[in-house]
Amino acid sequence: MSDFEKLKEDFKNKLAEAQNFKDIDAIRAEIFGKKGFINSEFKKLGSLSPEDKKKIASKINNIKQELSIILNEKLVKASDSEKDQQVKKEKKDVTLPEREFTIGKIHPVSQVIDEISSIFSEIGFSFEEGPDVESEYYNFTALNTPENHPAKDMHDTFYIEENMKTLLRTHTSPVQVRTMLKGKPPFKIIAPGRTYRSDSDQTHTPMFHQLEGLHIDKDITMGHLKGCLNHFIKEFFEVNKIQMRFRPSHFPFTEPSAEVDIGYKIENNKIVIGEGDKWLEILGCGMVHPNVLINSKVDPNKFQGFAFGIGIDRLAMLKYGINDLRSFFECDYRWLNHYGFDPLDVPTNYRGLSK
Ligand code: 2NL
């Protein structure tokens, strides 16, 4: 067996003499490398008796620890002194051109969420967020969705677990339920965010953005819903007048339910929102179903209100003339440079939503 003490002293001396990173690293390999001192000593243990094996192994481990502490100290010192030398050697060249200054762009979806938030905050709505990964209860059951509803199908919803109890939210309605359960009415909130459905073609992406609104108080009617949506659409499209129609529809979470169309026309190959002989479906809405209120611990005999849901991506496409939905999520900087917004130009109702 080797004379460990002597070998250890040899390495210590070598390390003390080493001047730079390269030398220290060579010694490191000699001690700790694959074929280095420590490994080869461990290999020799195989031929020893169990008692000797234990004794020598412990010795080797002690030496390993001692040498590794010295080695680390030495490496830190060498690194510091090499950096010091480099700083002393290098001079600042004040004639160099400055580094190019680039500032990012705001994605149209973020811009539109900011614009919508600004409009609704002006009329007393607050902003709520919730998790993208939801339980089946908050996403469907609490929202009065029957067990056999097609939206619950595996082909439409991304389930996280085999037992279909955890999923990627298919709308932001669960945020509204969570908010109602957390507080006491009245509620006046919007919930924008990412939503997911198993759908992919030219007009559908598996991840998209939705905005939901909810207003619950003692005497809220469909009249308030119409007024609120009319105000929102005018502000959002920055027009003074808008043609709007409510078509009867069905959602499990509202009764009655409606879909809203707005008038538009095409002029010089461009869409003009607000008037015209064509109708464009833009959102779904209704009066919150009493079962949803009960599930959200709100007394339907005292409170009622409206809710609506809008696709944010489609709003962004309509307002900013973007015709391919999929380009939203391709992360192409050239696209973002073209369609993106100035981060310093925050949308407000006073200064103008879009510039
Ligand atoms: C759509 C339009 C809608 C709601 C969402 C909602 C939320 C609660 C209660 C009742 Cl907490 N309703 N949200 C209402 C109507 C329509 O979304 O096209 N959805 C598929």
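Is E238 buried, partly exposed or exposed? In this predicted model, E238 counts as partly exposed because its relative accessibility is 41%, which lies between the limits of 20% and 50%. The residue sits in the loop between α8 (222–237) and β6 (244–251). Its phi is near 55°, a positive value in a residue other than glycine.

N268 also has a positive phi without being glycine, with a value near 50°. This residue belongs to the loop between β7 and β8 (270–273). At 75% relative accessibility N268 counts as exposed, because the cut-off for that class is over 50%.

**Backbone features**

Two peptide bonds that end in proline are listed in the table with the two positive phi values.

| Site | Feature | Value | Place |
|---|---|---|---|
| P185 to P186 | cis peptide bond | omega near 5° | P186: loop between α7 (173–182) and β4 (187–196) |
| E255 to P256 | cis peptide bond | omega near -5° | P256: strand β7 (residues 254–267) |
| E238 | positive phi | near 55° | loop between α8 (222–237) and β6 (244–251) |
| N268 | positive phi | near 50° | loop between β7 and β8 (270–273) |

The cis bond from P185 to P186 thus involves a loop residue, P186, while P256, at the end of the cis bond from E255, is placed in strand β7.

**Ligand surroundings**

Which residues are closest to the ligand? They are E212, F253, G284, A307 and G309, out of 16 that surround it. A nitrogen atom of the ligand is 2.8 Å from an N or O atom in the side chain of E212. Taken alone, the ligand exposes 480 Å², and the protein buries 88% of that.

The shell around the ligand draws at least two residues from each of α7, β5, β9 (278–288) and β10 (304–311). Sorted by class, this shell holds 9 nonpolar, 6 polar and 1 charged residues.

**Second largest pocket**

Rolling a probe the size of a water molecule over the atoms shows where empty space is left. The second largest pocket has a volume of about 280 Å³. It is lined by 15 residues, and those closest to its centre are H107, S110, R194, F328 and F329. Two or more lining residues come from each of α5 (108–122), β5 (207–217) and α11 (333–339). The lining divides into 9 nonpolar, 4 polar and 2 charged residues.

Strand β5 appears in both settings: it supplies at least two residues of the ligand shell and two or more of the lining of the second largest pocket.

Terms used. Residues numbered from 1 in each chain as written. Predicted model: local features only at pLDDT ≥ 70, side-chain atom pairs only at ≥ 80, totals over all residues. Heavy atoms only, no water. 1 Å grid on protein atoms, 1.4 Å probe; cavity = no way out; pocket = protein on both sides within 12 Å on 5 of 7 lines; lining within 4 Å. Points joined across faces, edges and corners; volume = space filled by probe spheres on them. Helix = DSSP H or I, 4+ residues; strand = E, 2+ residues; numbered from the N terminus. Nonpolar A, V, L, I, M, F, W, Y, C, P; charged D, E, K, R; others polar. Buried < 20%, exposed > 50% of the residue type's maximum accessible area, 1.4 Å probe, protein only. Near = heavy atom within 4 Å. Polar contact = N/O pair within 3.5 Å; in protein donor to acceptor, adjacent residues only side chain to side chain. Areas by Shrake-Rupley, 256 points an atom, 1.4 Å probe, with all protein chains shown as cover.
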